[in-house]
Every structure is written in C-alpha cells, then in structure tokens.
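User: I am new to reading protein structures. Could you show me how to read sheets, packed helices and buried residues in an example?

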Amino acid sequence: MDNLSINDPPPAPAKKFVKRDTLLENEVNVQKKWESDGVYEAKADSSRESFMVTFPYPYMNGRLHLGHAFSLTKAIFRAQYERNKGKNVLFPFAFHCTGMPIQAAANKLKKEIEQFGCPPKFPEEDPAVLAAMVKEAEEKAAKKAAKSTDKSKGSKAKLVAKGYTGIVRQWTILTKMVPLEEIPAFVDPEMWLQYFPPHGLTDLKRFGSGIDWRRSFITTSTNLFYDKFIRWQFETLREKGKVKFGKRNNIWSLTDGQVCADHDRSEGEGVGPQEYTIIKLKVLEFPGALAPLSSKAGSVFLAPATLRPETMYGQTNCFALPEGKYGAYEMLNGDVFIISERSAKGFSCQGYTEEFGVTKKLLDLTGMDLMGLPLEAPNAKYERVYTLPLLTISMGKGTGIVTSVPSDAPDDYVSLKMLVDKPEWAEKYGITKEMVEPFEVVPIIEIPGYGTTSAVFMCEKLKIASYNDKDKLAKAKDETYLKGFTSGIMRYGPHSGKKVSEAKPIIKNEMIEAGQACLYFEPESKVVSRTGDECVVAATDQWYLEYGETSWCDAVKKHVFSEDFNAYSPESLDRYRQSLGWLKEWACTRQFGLGTKLPWEEEWVIESLSDSTIYMAFYAIAGHLQGVDNLDGAKGSPSGVDPEKLTSEVFNYIFRKNMPYPEDCGIDKAVMEAMKGEFRYWYPMNLRVSAKDLIPNHLTMALYNHAAIWDDEPELWPKGYYTNGHVQVDAEKMSKSKGNFLMMDECVNTYSSDVTRLTCADAGDSLEDANFSREVADAALMGLYTEMKWVEEQMAGIAGLRGDGDENFMDKVFENSMNRLVHETDAAFGDMRFRDGLKSGWFEFVTARNVYRDWCAVSDVAMKASLVKKYCETLAVIMTPITPHWSEKIWSLVGGSGFVVKAPWPVVPAEDKLLSRQAKCLLSNLKVFRQQVGKAKKKPLGGKILVVDVYPDWKQGALDWMVENKGKIDDSKAFMGDLKKWAGSLEDKKNTKNLMQFVSFVRKEYLDVGDASLEKECPFDQSACFESSLAYITSQLGFTSPVEVVNLSKSGIPDGIGEKTVGNCGPGKPVLFCIN
C-alpha cells in the first residue's frame, strides 16, 4: 500500500480573502509546531489522572464531510477541555474498511465501466434521454401525489424538474473526491483502502483534531495487527459461550447471497425481521384464470399475513388489490399460495421451497382474477367468505392479500361498509350483494370504553367516511390495536375470558398445529442493500452473537443504569433502555466482503458491526504496533513486534486479568509489560462520542462486548457515551442537489478550521438535529479576526494602559464578570454543553470586555493593563477547546509559556454575587432607560435617576405576605386567589389595585431571579453604583446635560416629580425622570 502517504500539502483556497487567509496561515503554522513537538502524543503517567476519549471510526468509502465534523467536535472539545483541566488525555483515531460498502461500491463502478465505457458515457448525458427520464419521474411523482391525502406534498412533481437526482452513478460520486484519471483503479476494493484513509487523516489534521496519530490504523485483514486482535476477540467470545451457530432469521440480500446488516444497507438501517402469521384461506372454487389449479383443490390458499391471529374469529371476507399482480406458488409441502411475487421470494428463503431462494410459480394471476372468489377462513364464524376489492393495499408489504376483521380493524370496517353502501361500485369488480350484505360485524374482543367492536366505535367517533381518510384511519388503527392488546378481553371462541395478550400466542400456535396457518418473516420496513436489491428475511445457518441472552443483557443493564455510566441525558438513557429491550441474536459473519476471517471457520468473514466493538482497547497498544504513518501496518511495528507472534495467549496477558505470561511468545518482555501497562492505565474509556443513530447498534453492542470480554472486571466497561443529533446546513438537510452538502476540507478551505469548529459549537448539542449556519460562520470569521487584531494592538500598547493603582467600580465589575464566565464555561464544557460554553466563554466574555472598554473610553479612563492581560490570557485558554489555533496565536501575543493546549484552566475566585447584582442594576436599568429615551416623542436633553433604599410600608407588608406564601407562588391560580382574599382583608381598600399590581409584578420577578426579588431594602449603595458611571450613562442616553442621581430615601422628592413616578421606584429598580 505505497499510496498511504499523509504528507500531501493541503490545497490552497481558490480565492484570496485577507481575514480568512490570515486564520488559515496561522493554523498551518500552529499545526506544524504541534506535530514537531508531539503535543498530542499521550504517554502513560501513573502520577496523572488519565482521560480517554474515542469516536467511532468513520467508514472509508469516501471523504469526511460536515456530518462527521460536527459529531467529532464533541469529542475534540471535551478532550482539549480535559487537557486544560490537567488530565493526561488520550484521543486516538482509526479508519473502518470492513464489510460490504466498499466492495459494493467497487463492484458498482466496475459494472458501470463495463456497460458504459471508460470514462463512461451515461444515457442521461443525452438531453433527450434525460428529458424522458425527468418526465417519467414527474409522472410517477404526480401519480403518488394524487393518491396522497397530504396536500403539502402535492408539488413534488414540479420539484423533480428542478433537480433530477433519480440516478446515482458511482463514477459521478467519485469525480467529486478523486482525480478523473485515477477513478478506474477503484474497481479494486484495495484501492479504496489505499486512497481514502490517508485523505481522512490529512483532513483531520487540518481540522486541528488533537489526535495521537501513532495509534491510528485501518481495519480488515490487510492490517495484520488489527486482524490478529479481532481474531483474539472472537476466540474469547466463543470461549465465553457468546458466539453460537444455528438457523436464524436475518435480513438477507439475494444479490449478495448473504446477510445484509446495518452498514451493508443503502436504505433501512436499524430495520429487523418482523414475524407474521400466514392465514391459509382455502379456495373453494376455481373459475376463469384459476381453472388450471382445480386439480390441486384442497391445497390452494389465499395467504394473507397478519400480526393479529387472535382476531381470526371475526373474519368476514378477504381483500385483494384489483390491479395487483399475483402468482400461484407451490410450496415444499404441496400447498399452493396465491401471493405477490415479492413475498414469494421471502417464502423461498425461509424453508418453504425445495431450493433456497428459488420459487415455483404455477400460474400468473391478477387481482381481478380473484374478485368474488369463495374461501373457507379458519376460525371464522362464516363457513364461506369472499374476496373483495381494496384499492389501498400495498404490494410492497405482506403478501398483497389481506384478511378482513371489521370488528377490530378500522380499515376493514370502512372498506366493507363502502361495498355495502355502494353496490354499483362493487359491481364494477363483479361483487354481488350476496358477497357482502350477509356478513355482519362479529364481536370478538371487548375493550373497556370501546365496547366489543372497537373499530366501529372509533370510525363513528372520528367520523371516518371512507378509506381515503388516511390520517384518521391511522389514528383509529393505532388506538384500537394498542388498546386491544393491552386491555382487550376475548369474548368469542374457546379462549373467551382470557386477556388478548395471553390468548394471542395460544391461538397462533393452535392454528399452526392444525395446519391452518404458518409463520412468515419480512423486514419491518423496506431494506435496500448497497448493491441495490430489496432485501428479504432468510432463515439460514449463521454464526451469531447471543445479544439479549438474559444474564448477559442483565449485566449490561445493571451497568448502564448505574452511577458508573453517564449517558448525558435522560433521552439518551431511554434509547439505551429501548435498544437493550429489542437487540437480540445478531448474525456476526458474512461469506464475502472485506474484514477478518472467523478463526475457526475461515470461509466466514466477521462483519463490520462485530469487528468494531472493543477496538478502543486496541488503541492502548496500537502505538507499539502501528506507529506513525503506518495505517496498514505494512512498515512493521516500531517496537519490533511480529504480527504472527500476537497469539491469543499474548492478548490474554495484555488485556485480561490474572492470565499467565506467555514465556515463548517471541516478543520482548519489556514491550509486553509496556503494552499491558498502557491498557491498564488508559482503560476504562471515559467517554465515547457518536451521533444518535449508533445507539441501537454499535454503541449497545460495544457495551455487550465489553461486558463479555471483561466479565470479571466491570470497572473496565465504558464510563460514558455522549450522543448528538444530525447536523443540517442553514436549517435544511444536507443535500448535493441543494448545494449545501459540505465536505470537511471544503469547510476548512472556506472558513478555516477554527471558524468551522466554532460554528459547529454554536449549532447545538442535544439529540435534536443541529443547524450549521453559514451566516454564523461568516460572523465568526469576522469576530475571530477582529479580536486577534485587538489583542495585537493592546499587547503592543500595554505600557500606555493604566497601572495597578486605585480600582474603580467598572474594574471590579469587569474582573468579576470574567470570573463568573470562567466558572460557567467550565461547568458547561464538563457537561458537554458546548453551545452554552461558547455563549459564556466567547459571546458574553467579549461583550463584558466591550462594555468595560466603552465605559473606559467614554469616562476618559484608561483600561487597566493587568485586567486587559488577564482578559486576553483567560480568553485564549477557555476558547482553546473550540478554537485552538486562534488561541495559540493569542497565547503567543500575551507571552504565554509553551502551548496553550497544555496550559492550565484559569483558577479564578468565585463570583461576587453582590457585585454582580450591582453591575446588573447599572447595565440592566441603563438598557431600560435607553428604551425609554428612544420612545420619547421629544428627545430629552438630560435627566435624573431616582433611587430609593427601601420600599414604603404597604409594599413591605406585601413582601412579608409573599415570603409567608412562597410555597404557592408557582401555582398562579391558587396564589392570586389567596392574594385577593388577603388584600380584601386590609383596611386600605383604595390601595387594593396598586397592591395587586405590585405583588403580580414581584411574583414574575421572583420566578425569574428567586429570593432577591423579595428583599425589602437594597443590599448595596445604588447611588454610588450610578454615580461611578455618570459620563458613561450620559453618553449612552445621548444627553447633552449630565445625568443626576437622586436618592429619594435621603433627599426627599425634587420639585416637578409626580407621585406616580416616585411610586414606580423600588430598591434596585430606579426610575429615569427625563428633562427636556
């Protein structure tokens, strides 16, 4: 793999922009210094607390994009924060190449070249052919929109013409990432391994990711070191009884001829097999097109699939799609099922046919051939039911045949009723009155509050008129099905009186044993493999991991819901609860694709979700095995380890407790001890960061595998998983057709690394989708550049600033604000709330400086040199997790020692809350005053700020009452009711209105700021607070005459000021009296 080079220089930006280019130039210089000094190379040090952060290695079938970058920043930010907090941080990274995606892409490219030439000439490049494709797509979209009841989607057909994306060519995809002349080589899967991992590494370096690259690697058997590690993992899992072999139902690709797991899919990730019960509706007559089947009378069935076998007592008919295409397929036991071709493929993969994956079709049929067909329905009250038309049947779900139970299925009830009410419509399909009218709804299940015919009840309640009321029908269906299963009681048949949940499995098994039904599986929803075929469910011999086994699952649950594991949000924790509830036996091998061969049966390859569950442990020793610029291990081990010497005994000694030293292992003992020591030092992993879509598979599987390999050391299991939502760009899903699909290197070239990182931090942190705003990125670029230049200016002119003599009020306020914001940023970063940390550590921090700078300028007072230096040093450090290159520049400007990425987090005093209240009194009231002046009809020339130290007696009485009734303040209705009674009991009835208004105002303030709002007197000198800033206040208000501060509690009420104005004053709530 000679192409695995990581030294290619980054491409120069296409355009020159001074501010952006200044940031980029600084980033290149800083990264060179980092790499030269090895600042991110983590070494075990027993004197320091370790902190290990990992991120799921990205799949290398292309370049990294903004989606990777966004999730990755959460790991990068936390890793750097912990470095600044003094911990010894390891943040390693690798690249995933296992499985089908690369193989499928290479195969697809090869097929395109064979079919269309090299370079290929695709049909859609011909304008006439493209126009025909667009027209066909528009017609399909219009037809779909016409059927839909959602009018918001009605313009879809017009949208097709704006950006037709119906054909996705592998060649076209590669042209956006690979030089044209190199693309043909990508028909070889190995080329993908040679090309994309080094580019991913380069992109990550340019992003300033802070990674220890000595520990990096690629997966698959190409890398012998990693290959040996995975073989050991599976040998250990087998030893512990976690790997089993047997026939299991899995999502299956007929084209690939193997199981199609999540990472092998282009559509349907997370979808599993769904069990159905096939009800065998015996065909009683063979008219018309069915005549050839008459010789098999007694063995021919319409075969609907149902999730509710317990309701079959209520069958009144069967439905088929008149325009649907069906076939008569013979099964292994001689039964003939009339079903869709799609479902027949499924049956052929589940042991129902003579040859796996091969159907035996006896006859082609249409839905019209089945209309009016008489049937015998097992368990039904009626001896004979008929096949009726239903136009809403999906041929892409189930078998295309639907059995009808109108008592408990709203769709069935509405459709049957329509045929009864509109005989002329029924006649179009050959349906007579005798086929519908005699069939009354059969009460079979009683649901409290819904009666014994819940479907009828819900249709009448929601006023559902026809099967076109899809939204109402969906609601009715969901409600009746849920209530029926959880609360329903059987009222018909031999199991009458039993709960539905109890009777359901019994009835299903009875029908199967009687030959009236059989089991059938299909995907819960559509699944498409990366080779492009729609998958089925197949029952095949498989090696599988026994996820869900009671004792194994209980051990994982105990860990996840203990204090030893941090999911960072209740919503995430609930998703783990769900995943642990449904994740069961998992097919862990494939018969071809890239990866590690199963050690004991090498015709099997370990699939991509199974070779990626404990590789975090491999990071601990990878520096000894891989080393720098050796992703595939081809350059050999820097510690002289031969991969062939990495036996199970070697790995057992390194990774497992109380295992004997392999005396004849052929590896230097010092190296062995060093690897073992590194693992014991770095493990357990403190934090793993991922997008939320990996919770149901990879993240849960990693917990299971840690619990298996280290079952006797739960203290080595992962300590925390942080998951985030996906990222949008400008509030829209990333899409190439919309022009907002951003690659990682593209973002860095356009904005710089630090601006991209800052914008990612601003985008959001929760499980909800975040928004990368290009407007925010533009503003961030301007902000970082401007701040850098300001720091340069201040450091150059530091001698001209004020010394450490007397402190003024705003000096104290500024320093206290910095202290508060440092603590807030510290707490936010530690909780993975990076948007909040950015707010306090950047936006509010800079704003505090702006206020101080403006105050000093207006007051004709130089800024204090020590505070300016503290501001610059502190800002550099607390912004290092987000903008490390920029912070290094600021750190160098202020003369900081060493690298800022190694600098300690600022140690500052706790916030002086009283001083913060004084500052808030000044600045918040100044904001109110500006609004007041701005609304004045005539611009005031000056004014008086009226303050009082204590409330008048009647307001103090009201505050005393509020303190006594604090427990009710949250309950608005109860609180205001009690207030009204209390106010009515007072002697001064004339003041009741004022009292009610005052208490109502204070209540709102209490809900915002707490007990401080209930104070009867001001705890600080308001007059001094405002008098220290008279020049600043006068300037901010645009007055030509100086502002005067009047303390009404000491000097009385000045002439010309009315009682109402004075009455609006309160402690900490001054009033501005304007003078024209």
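**Reading sheets, helices and a buried residue**

Analyst: We begin with one pair of strands in this predicted model. Strand E11 (residues 325–330) runs antiparallel to E13, and five bridges join the two. Within this pair, Tyr326 stands opposite Leu365 in E13.

User: What holds strands together in general, and in which order do the strands of this open sheet with E11 and E13 come?

Analyst: Strands of a sheet pair through backbone hydrogen bonds, either parallel or antiparallel. Here nine strands form an open sheet with mixed pairing, in the order E13-E11-E12-E8-E7-E14-E15-E10-E16. Strand E13 (361–366) and strand E16 (401–404) are at the edges; each has a single partner strand, so one side of each lacks a neighbour in the sheet. From one strand to the next, the twist averages 35°.

User: Which helices lie across strands of this sheet?

Analyst: Helix H9 (residues 341–348) lies across E11 and strand E12 (336–339), at about 140° to E12. Helix H11 (residues 410–421) lies across strand E10 (317–320), strand E15 (385–389) and E16, and runs at about 90° to E10.

User: How are H25 and H26 packed?

Analyst: Two packed helices are described by the angle between their axes and the distance between the axes. For helix H25 (residues 809–830) and helix H26 (residues 834–858), the angle is about 170° and the axes are 8 Å apart. An angle over 145 degrees counts as roughly antiparallel, and H25 and H26 are therefore roughly antiparallel to each other. Their contact has 14 nonpolar, five polar and six charged residues.

User: In what order are E29, E30 and E31 arranged?

Analyst: These three strands form an open sheet in the order E30-E29-E31, and the pairing is mixed. The edge strands, each pairing on one side only, are strand E30 (1044–1047) and strand E31 (1071–1075). The twist from one strand to the next averages 25°. Strand E29 (residues 942–947) pairs with E31 in the antiparallel sense over five bridges. Gly943 has Cys1074 in E31 as its bridge partner. Helix H29 (residues 913–935) lies across E29 and E31, at about 35° to E31.

User: Is Lys955 buried or exposed?

Analyst: A residue is called buried when its relative accessible area is under 20%. Lys955 has a value of 8%, so Lys955 is buried. Lys955 is found in helix H30 (residues 953–964). Leaving aside residues up to four places away in sequence, Lys955 touches Phe998, Gly1063 and Cys1065.

Conventions
Residues numbered from 1 in each chain as written. Predicted model: local features only at pLDDT ≥ 70, side-chain atom pairs only at ≥ 80, totals over all residues. Heavy atoms only, no water. Pairing = 2+ DSSP bridges. Helix = DSSP H or I, 4+ residues; strand = E, 2+ residues; numbered from the N terminus. Axes fitted to C-alpha atoms, helices over the stretch in contact; angles between N-to-C directions. Contact = heavy atoms within 4.5 Å. Buried < 20%, exposed > 50% of the residue type's maximum accessible area, 1.4 Å probe, protein only. Parallel < 35°, antiparallel > 145°, perpendicular 65-115°, else oblique. Nonpolar A, V, L, I, M, F, W, Y, C, P; charged D, E, K, R; others polar.
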